[in-house]
Amino acid sequence: MPYYRTRAAAAARPSPAQTITAALIARLEAGTNPWRKPWATPAELARPMRACGQPYRGINAIYLWLIAEARGYTAQTWMTYQQAAALGGQVRRGEASEIAVFFKSYERTGIDDASGEDVTSRHRVMRAYHVFNVAQIDNLPERFTRPPLRRVAPAEEHRAEVDAFIAAQGADIRIGGDSAHYVPARDFIQIPRWQDFESYALYGSTAIHELAHWTGHKSRLGRELQNRFGSPDYAREELIAEMASAMVGADIGLPAGHLDNHAAYLASWLKLLRDDDTAVFKAAARAEEAAQFLLNNADITPNDHY
């Protein structure tokens, strides 16, 4: 094949950002919130894991959740072909890989046009690598194929853990009323009584969603929170809070359940992702930052319960 055709084929191939964004858009178009669907049952509460046993974070967690749900994978571990081979495993013939991404930083030196002096700028580029779920691989050691051990707490004990997690944040939380919201100007969260929710889990996940907004205060992570409903910035902040609550929920064994498949939010997120195929990556990074802020306050690491 002539070289120029190879170059053209490579240019036509979607970028990692386009691939992941397209998958999320397809799920949103179907009326499903991609970062919430995997939590149909308590047994599915887990972050996807690397072969080394560390949890995926940010957009990789969101995307691999989506793929696992779509393909019916119940195993949480993903690895490269080479990692599988090193462990004595063999990816089955015909199995398709998925991508995970990382960012590589590099410096570029040039000459400032105005001063004529050397200047150095720092850049980040996205790189992708291919992974397989362990459900696609034969002959792996038993530790990869047996169901993960997760501590399932009795309802009352879990309730106590959720209460302790919320209390550890030190936020001003005011109970009462008929809506849940965070007020940035006065830095407090308003939330109805837990008895007014369908379940205590829904109360907890709603509180964590609002706590995710709370992390954005200028005295904490400093996000822009004064956003008008329906604006792109409002949609972006809601996306951050939804993904952060999903991440925290996976780490403390609590299903995400705040906005559900609310049509107005799905529509605003669709527009956001269609307009910018890097938007979800930026939101996922901010969501992970918010989730880690909350988890650190409660002295929890993402794989404490795995």
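1. Buried means under 20% relative accessible area. By that cut-off, 43% of the 306 residues in the protein chain are buried. Keep in mind that this is a predicted model.

2. Next, the overall make-up. The protein chain has ten helices and eight strands. It exposes about 16100 Å². Carbon and sulfur atoms supply 51% of that area. Now take the contacts between residues at least 6 apart in sequence: 71% of them join residues at least 24 apart.

3. On to the interior. In soluble globular proteins, nonpolar side chains tend to be buried together. Here the largest nonpolar core has 68 residues. Leu-24 and Ile-59 have the most contacts inside it. Helix H8 (residues 232-252) gives this core its largest share, eleven residues. Another core, of eight residues, lies apart from it. Met-79, Val-91, Val-134 and Ile-137 are among its members.

4. What does Ile-59 contact, leaving aside its neighbours within four places in sequence? The partners are Ile-20, Leu-24, Val-101, Val-280, Phe-281 and Ala-284. Leu-24 thus appears twice in this note: as a partner of Ile-59, and beside Ile-59 as a residue with the most contacts inside the largest core.

5. Now the aromatic rings. A pair of rings is described by the distance of the centres and the angle of the planes. The structure holds six aromatic pairs. In one of them, Trp-194 and Tyr-200 meet edge-to-face, 5.3 Å centre to centre, with 65° between the planes. Trp-194 counts as partly exposed because its relative accessibility is 33%. Tyr-200 has a relative accessible area of 16%, so Tyr-200 is buried.

6. Trp-214 and Phe-293 form a pair as well. Their ring centres are 6.2 Å apart and their planes stand at 70°, so this pair is edge-to-face. The pair links distant parts of the chain, 79 residues apart. Trp-214 belongs to helix H7 (residues 200-214), and Phe-293 to helix H10 (residues 279-297). Buried or partly exposed: which is Trp-214? Trp-214 is buried, because its relative accessible area is 4%. Phe-293 has 23%, so Phe-293 is partly exposed.

7. Return to Trp-194. Ring pairs link Trp-194, Phe-197, Tyr-200 and Tyr-203 into a cluster. Trp-194 also has a charge over its ring: the charged end of Arg-159 sits there, 4.3 Å from the ring centre.

8. Which ring does the charged end of Arg-174 sit over? The ring belongs to Phe-188, and the charged end is 3.9 Å from its centre.

Note on methods. Residues are numbered from 1 along each chain as its sequence is written. This is a predicted model: local features need pLDDT of at least 70, side-chain atom pairs count only at pLDDT 80 or more; totals for chains, interfaces and linings use all residues. Side-chain values use heavy atoms; hydrogens and water are left out. A nonpolar core is a set of buried Ala, Val, Leu, Ile, Met, Phe, Trp, Tyr and Cys residues joined through side-chain atoms within 4.5 Å. Buried means under 20% relative accessible area, exposed over 50%, partly exposed in between (1.4 Å probe, protein chains only). Helices (H or I, at least four residues) and strands (E, at least two) are DSSP runs, numbered from the N terminus. Contact means heavy atoms within 4.5 Å. Rings of Phe, Tyr and Trp (its six-membered ring) pair if their centres lie within 6.5 Å; planes under 30 degrees apart count as stacked, over 60 as edge-to-face and the rest as tilted. A charge sits over a ring if NZ of Lys or CZ of Arg is within 6 Å of the ring centre and within 35 degrees of the ring normal. Accessible areas come from the Shrake-Rupley method with a 1.4 Å probe; for residues, only the protein chains shown count as cover.
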